[in-house]
Structure formats: structure tokens, C-alpha cells
Amino acid sequence: MIEITLPDGSKRSFEKGISAHDVAKSISEGLARNVLSAEVNGEIVDSDRPIQEDASLKLLTWNDEKGKETMWHSSAHLMAEALEFFFPNIKLAIGPPIENGFYYDVDNGDEVISSEDLPKIEQKMLELAKQKNSYERKEISKDDAIAYFKEKQDPYKLELLEDLEDGEITFYSQGNFTDLCRGPHIPNTSYIKAVKLLNVAGAYWRGDENNKQLTRIYGISFPKQKELTEYLDRLEEAKKRDHRKLGKELELFTFSQKVGQGLPLWLPKGVQLRERLENFMREAQTKAGYEGVITPHIGSKELYVTSGHYEKYGEDSFQPISTPNENEEFLLKPMNCPHHCEIYKSQPRSYRDLPIRYAEFGTVYRYEQSGELHGLTRVRGFTQDDAHLFCTAEQVEDEFIKVIDLVLYVFKALDFNDYTAQISLRDKVDRSKYIGDEANWEKAEAAIINASKQRELETEIVYNEAAFYGPKLDFMVKDAIGRKWQLGTIQVDYNLPERFELEYIGSDDQKHRPVMIHRAPFGSMERFVALLIEHCGGDFPLWLSPNQIAILPLSEKFNEKCKSILKLLNNYDIRGFVDDRNEKVGKKIRDAEVAKVPYMLIVGEKEVENDTLSVRKHGKGDQGVMKIDAFVEHFKSELKELLTVN
RNA sequence: GCUUCAUUAGUUCUAGUGGUAAAACAGUCCCUUGGUACGGGACAGUCUCGAGUUCGAUUCUCGGAUGGAGCACCA
């Protein structure tokens, strides 16, 4: 007999060699039906694998991430089986589960597999799934494995085998398909009830661009048809919120072939939005002790040679521009920090001056490869809400806390309630790749951890993710439909103070090197606005909305009156427009709704007589009649509610 | 940059085609002056660019540009 410990701590005795599936069966039939795989003493295995000794056991179902992975991994095998049916000579590379579904990288020679082939592959998969073929595990010697794939003429599997030792090689088979695989897999193919192949794309073998490019087919599967439908609905919703689509519809920004790819053009309404965000940040920063600085868009090449950026990125960057006569070279600025370092250096500094906090909405230009440009999230010219803090090593923790507070303030004001933080530290072992002395690193890493603890951030510590010049703290937010975005970086830098020979005079009358902290709560205005658009689906918070009100005259007779009402409301800092087109109110309302204007104010004979407005709220409908003063009050209190945080 | 797919009015759009093309919305003008998601009519506007094949190309071929999906990249 062996003792099995379940996650709730309860222990049960079973015959030696019992499987996870049987354990589940002893609890309930329903559970047994839903078990996809199992975690036995921390190892994920097939649910029918015999357990030979006392063990802790976690049954994995669709509700566990690991259970989903098992399902998707098995689905990748099923897809491979279907692919071999249609393309007998296809060569298979790797087919792992991913965050949402699975893929298989394949090499089909000269025969292109396109998205048009996907439906029939999907159909075949469902057909095969119904056959209820079990996934059979088989341990196999390395020689036999090599022989098998030589026979199959699959160079990719053979390459994978090179890295494996005899004794750790297993094959899994289902139906007419056998694959080199560590497993585990679901009991049989019938667990896969719904399949959708999503797209086809190129991917390099082993992720290396020097290798051959394979065809990657992405798909996702579910144990219930309904869940697939829901998933596809979610994809639809994401499409509706796509900032590229909404940006065009709401006239926020545009691109022009003539101006150049990756260079966004901000339209008036987009500028309204962006400037409000900038002013919001400026105000918060001023309160937090920042001082504004402004630096030019180009800087001499020497500046970046000093900073080290030229050596690291010079080749892969916009090339220097030179002056016609003197032949001096200048670079478009890819970062603001070197400029800010020079500002720091413009006069001698005392420890009494520190911390110094320089903030700038600095526009930078970076050469991004054409394939990576994407809407506003990846562009070649963008504006960072950048700031650099110069402080003593002792002040790092305090400064971190202050920056965290600023970031959290922004999150609250913009309704990002679901966020986590990631602390990136050095590699635990190899410390040779980092610049700056050991003691300082220790101090800074501890400072970041302490600061996060003090502010009770939900953090994850990741080793070997720090930059060579310092540790960092990144915020991840989840948007309204659950997608994760990286936002807001705080980064310690030992490199630039060194390279620029920054100094301050300490209380001991000796020269010391300050620590520099980079931080950007929004990251870049472009990326942040993109995120914001997708987060709120274009329905911006009232304080950010480009047009807060649309005044809709019932007929042309009231146009003049409406214009004077607009002027009046403008005096209360309420912005909007009068829709004086020759259309019926129904039409005007529809257009204002589509344009996502928060408030519609309808003015006809009754309103003119009583000095009132007929108020309609976007997405909510008719709100009844209000005196103009009352509306202003109402409006102001809503604004206040939105912007009052803490 | 690589793979693959795509590109028709300002926008949307598997209308369509080897003989210069349609719809909807937006726009302009006219009629209508109307009470809470599109009143009616008229007008104007378009085939991504270059080369080739052809009597003739938006349509076929090749190449470029841009865009989508992904890979690689991301100070």
C-alpha cells in the first residue's frame, strides 16, 4: 500500500501502482472524467501512469493551467496527425502548448500551407478526435528513435534527438501518428471537443533567424464547444477595441506613407487627449518634486559614444546626420538620459542638492525593423514621459517608494485596477556581466524589494532579467478584457553616472558618484494612448474625452441659442461642439453616440423657454431635463469623483 | 529584416471586369424644421506604385511600397 497526499492535505491509502485516474475515480466519477493529467510529486505525468510510492498528487483538469497545457499539447499532436494525412511528406519540428492554445512548426517543402487549408485540417482533427484514440506512451532507446526518424526523413526530430540521452527518450502515439515527446498527454483524443486553427505564419527553426524558416500553424482547442464560442467572441471584442481601428474612427491619429512608416501623426482630437494626459502627469510630478527640463531632438555622436549607446546600438540605429561644412556628426536622440546627465553636470552638486529629479516629455527616435512596427505600440518616433533621478545610494529606497506612489496614482486615476509588479534582479550565479560594484547592487536590489513590500505590491522576482547596468521594477497591468501590458518602468543605473563621471560633494567633503534612476510611468505617450484606447474601448473617462458634450439643436431655429450655451459651458471648462447640421435630432444623437461623446444636450423650444437642457448620456440614454446650472454642477461633480484618488 | 496573405472613393466593403467600375456611410447643394441611435432628392469623388505582356490592364506576369498575421529584434 502507498499513501497519496491530496492538495487539501488529506491522505489516502491505495494499492501500489494505482493511477491518478483511479484515485480520481475513488473520489467521484465526474472528477475522473475531467482529469487531463496529474502532478505527482511535482512532476506532470499522464493520468494513467502507475504510482509506485508514497506521493503528493494533484489532479489536473481544464481548470488548471497545467491541465490546459496537457490538452493543448495533445491537440498539437492531433493536428500533426491531420497534417500527415493531407501532406504525407511533411516534416515536423516542434509542437508545444502556449498561453492560448498550441502550435506546430512544420516544413512542407515547396508546398505552401495557407489559411485556406485550415478548415479541412480542422475537420479532420475533429474526425480523428471522435475515434477516441488513446495516447500511448513508449520508452525507446536512442538508436531506435534515430532509426525511426531516419526512416521518416525528419531532420528536425533527428536534431532534437542529438540533445537527448538514452533512457530519457519517449514516444507518444495516437491513431496513426507517433511523435518524439516528453508528454504528458490526455487519456484519449475524444477529450478534444472543439478545435479552431487560427492562423499560419513563418517561424525560424529554434528561433534563430539564421536557420530555415518553417511554417507555424496556430490553433486552440476546448473540451466544450461553448468555450470555443466564448473564446472567439473574446477575440472579436479585442478586434473591436483595436486602437488602430478606433484611432481612425475617433480621429485620434493617422499614418502617412509619405511621412514614413512608424511615424504617427497626431490629429487634433488625439492631441486633446494626449495633452490632457501630459498635463495630468506634469502636475503630479511637480507635486512630487520634479523639475522640467527640455533638450533638443538631436545630439552629437560624441554624446552617445560617451553613454555607450553608440557602441551598442549604432549600427542598428538611424545613422548619424552630418553638418555640411564642419562635418560634425549628430544622432537623432534615442534616449533622453545622456542629455539629462549633461544638465546634471552643468554645475557642481552637493549632497544637499540631492535628490535631483529632471523630467521631460522627450521625443526620441529609434530605428525599429519594419516587421515590428505596429500601430502606436511600436513606432520609430515617440515621446517618453521620462525623468531621471540623481540621488545617493541611501536615497534609492525612498525615491523608489515615491515613484511607486506616482505610478499607483496614475493607475487609479485611469482605472487600471488590476496590476502586478516584476522585480528584475541579477543572475544568481554569473555576476561578470554586470557593471557597478557589488555593494551598490546589493543595496539597490534590497531597496527595490523593500520599497515594493512597503507599498504592498503584488510582486514577482525574476532573476537574470536585470539590465547590465542595474536592477529594475516593471509594472504589468491587465486591461478591461484581461490582456496583460507592460507599463511603467523604474530602473536603477550605475552605468551612466560612471560614464559621464557624475559627482557630488558629500558631507565628508569628498567626491561621490550619484545613483541614477530612470522612470517612465506611461512609458511612451503613443503606447500608453494605445493601451488606454483598448482598455476603455474608446469610451474615455470624462476628463480625457476630446469632446465632453455635443449640443444638439432640435431645429435650425435653435442654432444660435445652442452656440451661446456652448460659450457659457466653455467658461466652465466644459468642451464640446454644436451639431448645427440640417438633420433630425435622431440622426444627431446617433452620430454623437457613435462618436462616443459622453454627454448630449438637446435644446428645443421647451429648453429655450425654461433655460434648461435635455440631457442624454452616452450609452445610458435620456437622463431628463436639467437647468443649465444644475447640469454644470452635475458635470463638475462627476469630474471630481473621477479625478479624486487616494 | 524573414515567411505568408492582402491592397478598389475620405471611411467601410470577398459588387465587378482584358475595353477606364458599383454600394453604403461621410461630403456639397436643395426640399424638409423634425423631440431622444440614422427623413427625402440631386451632385461630386475611386481601381497602391513602377516595369512588362497586349491594339488596350484596375483585371495577367514581375518588382517595389504600404498594411495584416507571426518569427527574429526592442536602449
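This short talk covers the protein surface around RNA strand B and then one residue, T178.

Hi everyone, thanks for coming. Please keep in mind that this is a predicted model.

Let's start with the RNA. In total, 47 residues surround RNA strand B, and the closest are Q213, M335, E372, N582 and S614. If we look at the strand's own atoms that come within 4 Å of the protein, sugar and phosphate make up 49% of them.

What do the side chains do there? K248 has a side-chain N or O atom 3.3 Å from a phosphate oxygen of RNA strand B. Two glutamates are placed at bases instead: for E372, a side-chain N or O atom is 2.2 Å from a base nitrogen of the strand, and for E607, a polar side-chain atom lies 2.8 Å from a base nitrogen. Several elements give two or more residues to this surface, among them strand 15 (213-222), helix 8 (243-249), helix 19 (605-610) and strand 34 (612-617).

And how do the residues of that surface divide by type? There are 20 charged, 17 polar and ten nonpolar ones.

Now over to T178, which you'll find in strand 13 (residues 177-180). Is T178 buried or exposed? T178 counts as buried because its relative accessibility is 17%, and the cut-off for buried is under 20%. Its side chain makes a polar contact with the side chain of S173, at 2.9 Å. Setting aside neighbours within four places in sequence, T178 is in contact with Y148, K152, F171, Y172 and, once again, S173.

That's my tour for today, and I'm happy to chat about any of it!

Technical notes
Residues are numbered from 1 along each chain as its sequence is written. Chains are lettered from A and ligands numbered from 1 in the order in which they are written. This is a predicted model: local features need pLDDT of at least 70, side-chain atom pairs count only at pLDDT 80 or more; totals for chains, interfaces and linings use all residues. Side-chain values use heavy atoms; hydrogens and water are left out. A residue is near a molecule or strand if one of its heavy atoms lies within 4 Å of it. A polar contact is a pair of N or O atoms within 3.5 Å; within protein, one must be able to donate a hydrogen and the other to accept it, and residues adjacent in sequence count only if both atoms are side-chain atoms. Helices (H or I, at least four residues) and strands (E, at least two) are DSSP runs, numbered from the N terminus. Ala, Val, Leu, Ile, Met, Phe, Trp, Tyr, Cys and Pro count as nonpolar, Asp, Glu, Lys and Arg as charged, and the others, Gly among them, as polar. Buried means under 20% relative accessible area, exposed over 50%, partly exposed in between (1.4 Å probe, protein chains only). Contact means heavy atoms within 4.5 Å.
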